[in-house]
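Subject: A structure for you to look at

Dear colleague,

Here is the structure I promised to hand over, and below it I have set out what was found in it. Please keep it open beside you while you read.

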Amino acid sequence: MTDFSYDLVVIGSGPAGEGAAINAVKQGLKVAVVDERALPGGNCTHLGTIPSKALRHSVRRMMQYNNMPLFRSIGEPRWFSFPEMMSAADDVITKQVEGRTKGYARNRVQIHVGRAKFLDKTKILVTAKDGKTLSISSKFFLIATGSSPYRPDDIDFNHPCVFDSDTILGLDSSPRNIIIYGAGVIGCEYASIFSGLDTRVDLVNTREWLMSFLDDEISDALSYHLRDLNVMVRHNEEYERVVTNESGVMLELKSGKRIHAEALLWCNGRSGNTKGLGLENVGLQGDERGQLAVNDDYQTAVDNIYAVGDVIGWPSLAGAAYDQGRAAASHMCKMDDQYRVKDVATGIWTIPEISFVGKNESELTEQKIPYEIGRAYFKDTARAQISGEEVGMLKILFHQDTLEILGIHCFGAEAAEIIHIGQAIMNQRGDANTIKYSLSTTFNYPTMAEAYRIASMNGLNRVRRQHRVFEEKQR
């Protein structure tokens with residue numbers, strides 16, 4: 001058994017692990033990454049974000065082609081199968097792996113392939129697929145093992161018609177209809193994707209609203225557009241059992257309803273990948289979903305062992321995970337400019353996509369903060385009219401008195417890009433973080449960024465109108 005020694009060992013090569021490894025090595029630490037896969041990138045690159053977003057992009061392009069009059073003048077609509085669409089993701093995954101491999105090599109980060117298990121707080125055992133082992137000691141460890149789809153014990157995921165969000169990527173044909181159980185981020189994203197492939201979708205939501213953490217108006221808009229894509233959304237439903245046979249799946253609900261489909265996609269939560277890590281050997285334990293508790297510096301209860309990314313839960317976003325890794329490494333290195341992950345902008349790649357940062361209306365109402373709303377509808381912007389993607393809006397929530405921006409919510413094409421302009425404004429100090437910023441800034445025309453000027457003007461006019469009415473009544 002070979003022995004190695006490092007300053008930091010990162011378990012997991014996804015965005016969280018990469019952020020920590022690169023930041024630490026830049027500070028002079030000797031760093032190694034341990035991963036079960038020979039190719040770096042973690043679940044984000046191989047099973048989650050990259051393949052699903054590449055798939056969505058292909059489906060969206062096909063939808064645009066089939067719906068644009070210009071293309072109809074040269075031919076009939078075209079439909080591609082799920083596997084054909086998935087093939088477009090292969091090149092993206094290859095490029096991502098190549099870039100990450102070069103990054104680790106350029107920074108002299110050693111990669112060990114195998115499954116890690118803690119022996120004590122300063123040593124792990126790495127076991128390769130062929131059974132060979134090596135021991136690695138380190139001053140610091142960082143757990144960045146990500147998460148996996150939650151699988152109830154009473155559902156047969158070995159059946160060829162039952163999938164989770166990892167295995168669905170291997171679907172070998174396009175089903176005529178599919179049941180998606182769970183209407184969270186992943187469930188709604190796949191509902192959009194399959195409906196775009198002309199698959200009939202039953203989206204079973206265990207709650208009253210779609211993604212209750214969204215602003216109510218955005219959730220309503222998503223519900224409307226999913227139905228417009230012929231998605232059958234079923235709220236307040238829970239499964240009783242899943243029955244499988246040669247022809248497909250039947251989902252029996254506690255309400256007595258029975259739904260038949262050629263496939264079932266289970267999207268009801270995720271669990272942290274902590275099983276088999278030997279956490280009991282260092283006095284750590286995950287919660288009921290395998291997630292680890294950490295402090296503000298991403299330290300676990302064992303001070304030299306850190307955890308970041310999906311394995312700690314919120315916000316379970318690749319971009320945030322990368323920055324959490326950076327922050328953890330900064331703390332290990334006692335850097336003065338330690339980065340803190342806050343005001344995370346959330347991106348949801350439904351069709352159309354959603355993004356938000358800051359507070360929503362319900363939160364501001366509950367906190368009794370006086371706010372006003374500025375809206376810009378995409379159908380009124382020249383850029384959206386040119387691109388033919390007029391569905392959506394930008395919504396700015398701001399304080400009635402100070403005009404400080406409190407939250408930004410966007411629904412429509414490129415929402416996840418548009419949101420970062422507002423996020424940058426919100427993080428300014430003094431008067432720079434108010435809606436006046438967008439009114440004193442010249443935006444390129446035609447652009448989607450122009451929506452900030454329109455929404456700010458709309459909101460400010462609303463405040464001025466209220467003040468004017470109040471003053472007239474006082475007279």
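Which residues of the largest nonpolar core touch the most other members? In this model, which is predicted, that core has 50 residues, and the ones that touch the most other members are Leu8, Val31, Phe118, Ile124, Leu142 and Ile143. At least two residues of this core come from each of the strands β1 (2-11), β2 (31-35), β4 (115-120), β5 (123-127), β6 (133-143) and β17 (305-307), and the helices α1 (15-26) and α8 (318-332) each supply at least two as well. If you would like to follow one member in detail, take Ile143, which, leaving aside its neighbours within four places in sequence, is in contact with a list of residues that includes Ile11, Phe118, Leu277, Leu292, Ile305 and Val311. A second core, separate from this one, has 42 residues, among them Cys188, Ile193, Leu222 and Leu265. As background, nonpolar side chains in soluble globular proteins tend to be buried together.

The chain as a whole

The chain contains 13 helices and 22 strands. Its radius of gyration is 24 Å, while the globule rule gives 23 Å for 475 residues, so the chain is as compact as a globular protein of that length. Along its principal axes the C-alpha trace spans about 85 × 60 × 45 Å, and 52% of the 475 residues are buried. Among contacts with a separation of 6 or more, 63% are made by residues 24 or more positions apart. For a sense of distance, you could find Phe71, in helix α4 (residues 69-72), and then Asp337, which is 266 residues away along the chain and whose C-alpha atom is separated from that of Phe71 by 53 Å.

Two helices

Helix α6 has 12 residues, which should span 16 Å at 1.5 Å a residue, and its end C-alpha atoms, 17 Å apart, agree with that. Because 10 of those 12 residues are buried, α6 is largely enclosed by the rest of the structure; the buried residues include Cys188, Tyr190, Ile193 and Phe194. After α6 comes Asp198, whose phi is positive, near 70°. Helix α8, with 15 residues, reaches 21 Å from its first C-alpha to its last, close to the 21 Å expected. It too is mostly covered, with 11 of the 15 residues of α8 buried, including Ala320, Asp323, His331 and Met332. Just after α8, Lys334 has a positive phi of about 55°.

Aromatic rings

The structure holds 10 aromatic pairs. In one of them, Phe82 and Phe194 are stacked, at 5.3 Å centre to centre and with 5° between the planes. Phe82 lies in helix α5 (residues 82-106) and Phe194 in helix α6 (residues 185-196), so this pair ties together parts that are 112 residues apart in sequence. Phe82 and Phe194 are both buried. The pair of Phe213 and Phe356 is tilted, because the ring centres are 6.1 Å apart and the planes stand at 40°. This pair also links distant parts of the chain, since Phe213 is in the loop between β10 (200-204) and α7 (216-228) and Phe356 is in strand β19 (residues 354-358), 143 residues apart. Phe213 counts as partly exposed, at 40% relative accessibility, whereas Phe356, at 13%, counts as buried. Phe82, Tyr190 and Phe194 form one aromatic cluster.

Charged groups sit over rings in two places that you can inspect: Lys30 lies over the face of Tyr6, at 5.2 Å from the ring centre, and the charged end of Arg289 sits over the ring of Tyr150, 4.1 Å from its centre.

Details of the backbone

Trp314 and Pro315 are joined by a cis peptide bond, with omega about 0°, and Pro315 lies in the loop between β17 and α8. The peptide bond from Tyr445 to Pro446 is also cis. Asn230 is not a glycine, yet its phi is positive, about 70°; Asn230 is in the loop between α7 and β11 (231-234) and, at 63% relative accessibility, counts as exposed. Leu403 also has a positive phi, near 70°, but at 9% relative accessibility Leu403 counts as buried.

With best wishes

Terms used. Residues numbered from 1 in each chain as written. Predicted model: local features only at pLDDT ≥ 70, side-chain atom pairs only at ≥ 80, totals over all residues. Heavy atoms only, no water. Phe/Tyr/Trp six-rings, centres within 6.5 Å; stacked < 30°, edge-to-face > 60°. Helix = DSSP H or I, 4+ residues; strand = E, 2+ residues; numbered from the N terminus. Buried < 20%, exposed > 50% of the residue type's maximum accessible area, 1.4 Å probe, protein only. Lys NZ or Arg CZ within 6 Å of the ring centre and 35° of its normal. Core = buried A, V, L, I, M, F, W, Y, C linked by side-chain atoms within 4.5 Å. Contact = heavy atoms within 4.5 Å. Expected span 1.5 Å × (residues − 1). Rg over C-alpha atoms; globule rule 2.2 N^0.38 Å.
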